[in-house]
Amino acid sequence: CQSSQVWSNRTSALRKMRVLSNDKEDHSNKTPQRIEPLLMSAFGFHPVKKPNHKRNKPTAKERGKITSEVYNAAMERSGGRCERCGSIKGLQCAHLIRRWQIEGKTTVKDVAMLCGPSVNTGTCHNWIDYTKD
């Protein structure tokens with residue numbers, strides 16, 4: 001049976017570790033190097049180094065960043081008023097589509113100037129973020 005074979009391999013590895021650790025010689029820097037491979041083989045632990053490459057695709061936060069050019073173009077398009085209700089108070093540049101759905105970078109077509117903040121119920125920014133209409 002395979003499980004009994006695995007168990008016997010583990011117990012033999014543990015026995016070898018005990019023998020190595022009971023040696024009378026000074027193994028202060030040698031013992032971990034000799035025991036570590038036994039542990040790895042006995043328990044199936046094979047660590048892999050972390051890769052050193054960077055992300056290929058920008059994150060949703062990076063794709064959704066509203067640049068000053070996009071903000072200024074949206075403000076010019078709206079004329080300094082909320083594009084839904086016409087209010088001039090508390091304007092914010094709101095995404096019309098979710099950040100993770102944006103391809104490439106945020107453009108003027110992806111945002112609108114709306115009264116906010118989005119966490120306050122009754123504002124246009126809240127309406128655009130939390131309703132499906």
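What percentage of the 133 residues in the protein do buried residues make up? Buried residues come to 25% of the 133, where buried means under 20% relative accessible area, exposed over 50%, and partly exposed in between (1.4 Å probe, protein chains only).

Before you click around: this is a predicted model, in which local features need pLDDT of at least 70 and side-chain atom pairs count only at pLDDT 80 or more, while totals for chains, interfaces and linings use all residues. Residues are numbered from 1 along each chain as its sequence is written, and side-chain values use heavy atoms, with hydrogens and water left out.

**Stop 1: the whole chain**

Show the cartoon and you'll find five helices and two strands, running α-α-α-α-β-β-α from the N terminus on. Helices (H or I, at least four residues) and strands (E, at least two) are DSSP runs, numbered from the N terminus. Now colour by pLDDT, the predictor's confidence in each residue, from 0 to 100. The mean is 78, and 65% of the residues reach 70 or more. Confidence is lowest in helix α1 (residues 2-21), at a mean of 60, and highest in α4, at 95. Where pLDDT is low, the predicted coordinates should not be read in detail.

**Stop 2: helix α4**

Select residues 68-78, which is helix α4, and pick out Val-70, Ala-74 and Ser-78: these are buried. Look down the axis of α4: its buried residues fall within an arc of 65 degrees (taken from the directions from the helix axis to the C-beta atoms), so they line one face of the helix. An α-helix has 3.6 residues a turn, so residues three or four places apart point the same way. Flip to the other side of α4 and you meet Glu-69 and Glu-76, which are exposed.

What covers the buried residues of α4? The cover includes β1 (91-95) and β2 (111-115). Step off the end of the helix and you land on Gly-79, whose phi is positive, near 75 degrees.

**Stop 3: charges**

Next, show the side chains of Glu-83 and Arg-77. They form a salt bridge, with the closest N and O atoms 3.1 Å apart; the rule asks for a side-chain nitrogen of Lys or Arg within 4 Å of a carboxyl oxygen of Asp or Glu. By that rule the count is one salt bridge. Glu-83 is partly exposed at 36% relative accessibility, and Arg-77 is partly exposed too, at 41%.

Then add Arg-84 and Trp-127. Arg-84 lies over the face of Trp-127, at 3.8 Å from the ring centre. A charge sits over a ring if NZ of Lys or CZ of Arg is within 6 Å of the ring centre and within 35 degrees of the ring normal.

**Stop 4: Gln-92**

Go to strand β1 and select Gln-92. Is Gln-92 buried or partly exposed? Gln-92 counts as partly exposed, at 27% relative accessibility. Leaving out residues up to four places away in sequence, Gln-92 touches several residues, including Ala-112, Leu-114 and His-125; contact means heavy atoms within 4.5 Å. Try a distance label to Met-75, 17 residues apart from Gln-92 along the chain: the C-alpha atoms are separated by 9.3 Å.

**Stop 5: Asn-126**

Finish in helix α5 (residues 124-130), with Asn-126 selected. Asn-126 is buried, with a relative accessible area of 14%. Not counting neighbours within four places in sequence, Asn-126 is in contact with Pro-117, Ser-118, Val-119, Asn-120 and Thr-121.
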